[in-house]
Amino acid sequence: MSESVRDVLKAAYDGKLVDELVGAYEEAKRNYYLGGHRYSAVEGGRFCEAAYRMLEEAAKGEHTPLGDSLRTDTLANWLASPATKKLSRSIRHYIPRALRIVYDIRNNRDAAHLADGIDPNLQDATLVVHVLDWVMAEFVRLSKGTSPEHARALVEALVTRKVPVVQDFGEFPKLLLPGARAGDHVLMLLYHKGPRGVAYADLFQWVPATMRKHLRRTLRTLEAKALVHQEGESIHITYAGENLVETQGLLEKPAAA
């Protein structure tokens, strides 16, 4: 299926809220991987503004317009009240509590005013982006805008860490490490694309022309090491492949030539 997270959420929530939520999510993740940790927390706050309104819409059938003041504490208390007992516990309790953490970091944490002299921006941003991953996944799971199988694939892709040295140009992921070995190049692209796997034809187009002639052989070598799994023309990275990418420094630096 070709549905995106945005498409699935728009089947259940106001389109403008979804655009705001997804836009803030993407910017928070982008800033995190580019080192703009303070800005990840800022975008986390913007994400919360949309997410609280989506909870409001799920519970009441309407939401406070963007730009108008929303008393999030009042909303969270109401969501946890007996009046909403028929709703999912995620909507009533779990998501509001997760959003409160992000909101408080955005509003109350400022490295310039910490007496201990330790800059908390990296640890705060790491917490923020992982909470955002979880909240987005919960909204997708609860939206019922697609099949359970596709929703699960979208959720798994959301919580898979993207490779900072891969940049997407539309549907084309480009590895920003000239000189990486063919096997490492393939593994990083597969890691970046997540658990849904990649069609061989797509992978063939994504790797440099110099690697295409021997791509089948590269994949056979990786499969022999249990780093990838091939099903027909679909290629998936294995847990062993993910572990190699994460532990061998492939996320941050070029592999040896």
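**Close-up views of the predicted model**

**View A. The three-stranded sheet.** In this predicted model, three strands form an open sheet in the order β3-β5-β4, with antiparallel pairing. Strands β3 (198-199) and β4 (228-231) lie at the edges, each pairing on one side only. Four bridges join β4 to β5 (residues 234-237) in the antiparallel sense, and Glu231 stands opposite Ser234 in β5.

**View B. Helices packed on the sheet.** Helix α8 (residues 182-193) packs on the sheet and touches β3, β4 and β5. The direction of α8 makes about 90 degrees with that of β5. Helix α11 (residues 215-224) also packs on the sheet, touching β4 and β5; its direction makes about 115 degrees with that of β4.

**View C. The β1-β2 hairpin.** Strands β1 (residues 166-169) and β2 pair in the antiparallel sense over four bridges. Two residues separate these strands in the hairpin, and Gly170 in the turn has a positive phi of about 65 degrees. Val166 stands opposite Leu175 in β2.

**View D. The two faces of strand β2.** In a regular strand the side chains alternate between the two faces of the sheet. Strand β2 (residues 172-175) shows this alternation: Pro173 and Leu175 point to one face and are buried, whereas Phe172 and Lys174 point to the other and are not buried.

**View E. The chain as context.** The chain contains twelve helices and five strands. Of its 257 residues, 45% are buried. Among contacts with a separation of 6 or more, 60% involve residues 24 or more positions apart. The chain exposes about 13600 Å², of which carbon and sulfur atoms supply 52%.

How values were computed:
Residues are numbered from 1 along each chain as its sequence is written. This is a predicted model: local features need pLDDT of at least 70, side-chain atom pairs count only at pLDDT 80 or more; totals for chains, interfaces and linings use all residues. Side-chain values use heavy atoms; hydrogens and water are left out. Buried means under 20% relative accessible area, exposed over 50%, partly exposed in between (1.4 Å probe, protein chains only). Two strands pair if DSSP finds at least two bridges between them. Contact means heavy atoms within 4.5 Å. Accessible areas come from the Shrake-Rupley method with a 1.4 Å probe; for residues, only the protein chains shown count as cover. Axes are lines fitted to C-alpha atoms, for helices over the stretch in contact, and angles run from 0 to 180 degrees between N-to-C directions.
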